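Visitor: I've got a protein model to look at and I'm new to this. Could you walk me through it?

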Amino acid sequence: MNKVKVTIYGQEYTLTGDRTVDEIKAIASNVDEKMREASRGGGDAAHGSIAILAALLISEDYADDEKEIEKLRKEVDRLEEELDKAITQKEEAREKAQESSKEIESLKNENQGEVESLQLKLKEYENNFFDIQMQNIKLKSELEKIKNEQ
């Protein structure tokens, strides 16, 4: 437990909590700031009224933060779905590329003329696979960035 002396709206308080000293000071500073903000609009209101107004301002900030968190959660869900889809496409592309490779080997023995055509098809699958891998890397990066922002 950390014990910290702070000043909120001109009054000194000793706060105790599990948070770090810096976190406790930052929280107290936020309350002090909101009290001062509330007093600017309230004239010579009593400390209790200012505290209520400050609590309302803090609650409003909290509600805004909750909305932002929900928005970010939805974005993370969307990105996870998109990532899952890209992974599935990647696996399908890999399977198709493997199938095409096998088919090329088989047809090489049967018909040399069709080999060139199949090699082009394989190259296209490989390019698609590469594109999907790049998209996968980008989506993973975006997902990590969003997770780190939370």
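Guide: Happy to. One term to start with: pLDDT is the predictor's confidence in each residue, on a scale from 0 to 100. You need it here, as this is a predicted model.

Visitor: In which element of the protein chain is confidence lowest, and in which is it highest?

Guide: The chain as a whole averages a pLDDT of 87, and 94% of the residues score at least 70. At the low end sits helix α3 (residues 112-149), with a mean of 82. At the high end, with a mean of 94, is strand β1 (residues 2-8).

Visitor: How many bridges join β1 to strand β2?

Guide: Picture a hairpin: β1, then two residues, then β2. Tyr9, in the turn, has a positive phi of about 55°. The strands run antiparallel, and one bridge pairs Val6 with Tyr13 of β2. The number of bridges joining β1 to β2 is seven.

Visitor: On to charges. Which residues form salt bridges with Arg78?

Guide: Here's the general idea: side chains of opposite charge can pair when their charged atoms come close. Arg78 lies in helix α2 with one partner three residues apart and another four residues apart, each about one turn of the helix. In both pairs, the N and O atoms are 2.6 Å apart. The partners are Glu75 and Glu82.

Visitor: Lys34 and Glu37 meet in a salt bridge too. Is Lys34 buried or exposed?

Guide: Lys34 and Glu37 are three residues apart in helix α1 (residues 21-42), so about one helical turn separates them. Their salt bridge spans 3.6 Å, N to O. Glu37 has a relative accessible area of 30%, so it is partly exposed. Buried means under 20%, and Lys34 has 8%, so Lys34 is buried.

Visitor: What about Ser100: which residues does it touch?

Guide: Ser100 is found in helix α2. Its relative accessibility is 8%, so it counts as buried. Leaving out residues up to four places away in sequence, Ser100 touches Leu122 and Tyr125.

Visitor: And Leu56: is it buried or exposed?

Guide: Leu56 sits in helix α2 (residues 47-110). Together with Ile52 and Leu53, it makes a nonpolar surface patch of about 280 Å². The cut-off for exposed is over 50%, and Leu56 has a relative accessible area of 54%, so Leu56 is exposed.

Visitor: Last one: how many salt bridges does a search of the whole structure find?

Guide: You've already met some of them, including Lys34 with Glu37 and Arg78 with Glu75. The search of the whole structure finds a total of five.

Definitions and conventions. Residues numbered from 1 in each chain as written. Predicted model: local features only at pLDDT ≥ 70, side-chain atom pairs only at ≥ 80, totals over all residues. Heavy atoms only, no water. Patch = residues over 30% accessible without salt bridge, like charges linked within 9 Å, V, L, I, M, F, W, Y side chains within 5 Å. Areas by Shrake-Rupley, 256 points an atom, 1.4 Å probe, with all protein chains shown as cover. Salt bridge = Lys/Arg side-chain N within 4 Å of Asp/Glu carboxyl O. Buried < 20%, exposed > 50% of the residue type's maximum accessible area, 1.4 Å probe, protein only. Pairing = 2+ DSSP bridges. Contact = heavy atoms within 4.5 Å.
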